[in-house]
Amino acid sequence: MLTDPTALLLARWQFAFTVSFHFLFPPFTIGLSAYLAVLEGLWLKTGKALYLDLFRYWLKIFAINFAMGVVSGIVLSYQFGTNWAVFSDKAGPVVGPLMAYEVLTAFFLEAGFLGVMLFGMEKVGRGLHFAATVCVAAGTLLSSFWILAANSWMQTPQGFEMGANGQFLPGPSWWTIIFNPSFPYRLVHTVTASFLATALVVGGVAGWHLLRGNGTPQVKKMFSMAMWMAALVAPIQIAIGDQHGLNTLEHQPAKVLALEGDYDSHPDGAPLYLFGIPNDRTQHLDYAVGIPKLGSLILKHDPNAPLAGLDTIPDDQQPPAAIVFWSFRLMVGLGLLMFALGLLSLWARWRGTLYRSRFLHRFAVLMSPMGFVAIIAGWVTTEVGRQPYLVYGLLRTRESMSPLGAPAVATSLLAFVVVYFAVFGVGIWYILRLMHRPPQEQEPRLKDVDAGPIRTAGITPAAQGTAEGEL
């Protein structure tokens, strides 16, 4: 049965929509759980109640974000069976166990200690509670390990054998599958992005309250910590991104050539195109503005190194350059702004104006959601740049879809759009409401109580505790 092109497009849009929503929550969970572990560790080490106040403040936000991340992630696994059954059948023997390991190790670790972390500080003692917080943070990192191992294998597949029916079967060593060529770079780049995005949120919330005149010790402390994180991690992330790009050029050259806009080969050194309009039909970058030789210097570390172009790759194996060209530039541009924010914070700290510079505070507020925008832009670059394949070079996207008609996919897509904006829109609104109130001395703790009317409204126990602290 031939795949309906309209159904295929709708199925791709459906997965892109749901995974983009989901991808807002896990990076924040990874970064915020680590931040909570640091705050609690500092409280235990120094005895300063200020750190406990910040821990309780961000724990409320973490609880809601974690719940939304879990719920939004469940939908993705269902789509593998409904819209992408052929992919599940062919790649399932490799991808399926990796996803199962994520549940059996990471999710069980998180779920096992989450209740203690949220509600057990007065019940299990400080030391054991801190251990639970560390376990939750470790679980989020372990979860990213398995998910990115599966995704990286689809990007740079190795360690498999082809079955008689076209299935990808595990080879003799799972280590070869897990530690595929792109996995270490993708893991470090994604986890570092999660920490940086969380630091921007924390810094943006603190900057907002400083602008409103709420310069409490708690607000100042979290602003200082966030700015240290931005100043230290942003340049590290740029260096990691450079190495990730070199790895991608080696294993997925079409992706890099598309995001660079290099339609033509350059035997004497490629320029770095800053702007332009990619035209896949004419195989040309219209209105190009570039810096001579800089492209080869970045990609080959030699300004005169030859660089092949998309003209060396068949048209039906090229990704849509127009999308990845701009998503990549959005990601890089935001990364440079994060670096600038870190430098500006160091300058203000040196001058003693860290808590008085209204320009810095406005800049921090402006940048607070940009970590997530950069993460989504990076995901678009990675996944669209892999096209037209789901398993790079081996299994095409159009060969991976279930035999569905366009009306069925369109109906489910519309349902997802309505439900997601309603449910997760409310959740995000409530998180913003919590952030609107500054952390205070003797911050109310998150606890499960009988909230009467709140419980009948269908709010989860975690949200009940959060609502109690808000009221």
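Pro388 is placed in the loop that joins helix H14 to strand E5 (389-391), where helices (H or I, at least four residues) and strands (E, at least two) are DSSP runs numbered from the N terminus. The peptide bond leading from Gln387 into Pro388 is cis, with an omega near 10°. The model is predicted, and local features therefore need pLDDT of at least 70 and side-chain atom pairs count only at pLDDT 80 or more, while totals for chains, interfaces and linings use all residues. Residues are numbered from 1 along each chain as its sequence is written, and side-chain values use heavy atoms, with hydrogens and water left out.

Further backbone features concern the sign of phi. Most residues other than glycine have a negative phi, and most peptide bonds are trans. Gln283, in the loop between strand E3 (272-279) and strand E4 (284-291), has a positive phi of about 55° although it is not a glycine. Tyr287, located in strand E4, likewise is not a glycine and has a positive phi of about 55°; with a relative accessibility of 69%, Tyr287 counts as exposed, the classes being buried under 20% relative accessible area, exposed over 50% and partly exposed in between (1.4 Å probe, protein chains only). A positive phi, of about 75°, is also taken by Gly261 just after H10. Helix H10 itself (residues 253-260) has 7 of its 8 residues buried, so it is largely enclosed by the rest of the structure; Lys255 and Glu260 are among these buried residues.

The largest nonpolar core, a set of buried Ala, Val, Leu, Ile, Met, Phe, Trp, Tyr and Cys residues joined through side-chain atoms within 4.5 Å, has 65 residues, and those with the most contacts inside it are Tyr35, Trp58, Ile61, Phe62 and Met435. Helix H3 (residues 49-82) supplies the largest share of this core, 15 residues. Apart from this core lies another, of 30 residues, including Leu10, Trp84, Ala91 and Trp153. When neighbours within four places in sequence are left aside, Met435 is in contact (heavy atoms within 4.5 Å) with Phe28, Tyr57, Trp58, Ile61, Val201, Val205 and His209.

Met435 also belongs to the lining of the second largest pocket, which comprises 19 residues, with Val201, Pro369, Phe372, Leu432 and Met435 lying nearest the centre. On a 1 Å grid over the protein atoms alone, a pocket is an open set of points with protein on both sides within 12 Å along at least five of seven lines, and lining residues have an atom within 4 Å of a point. The elements that each give two or more residues to this lining are helix H2 (25-46), H3, helix H8 (183-211), helix H14 (370-384) and helix H15 (406-436), and H15 gives the most, with 5 residues.

Helix H1 (residues 5-22) has 18 residues and reaches 26 Å from its first C-alpha to its last, close to the 26 Å expected at 1.5 Å a residue, the expected span being 1.5 Å times one less than the number of residues. The buried residues of H1, which include Leu10, Gln14 and Phe17, pack against H2, H3, H14 and H15.

Gly159 is found in the loop between helix H6 (126-155) and strand E1 (160-162), and is partly exposed, with a relative accessible area of 23%. Outside its neighbours within four places in sequence, Gly159 is in contact with Leu169, Pro170, Gly171, Thr176 and Ile177.

Terms used: 1 Å grid on protein atoms, 1.4 Å probe; cavity = no way out; pocket = protein on both sides within 12 Å on 5 of 7 lines; lining within 4 Å.
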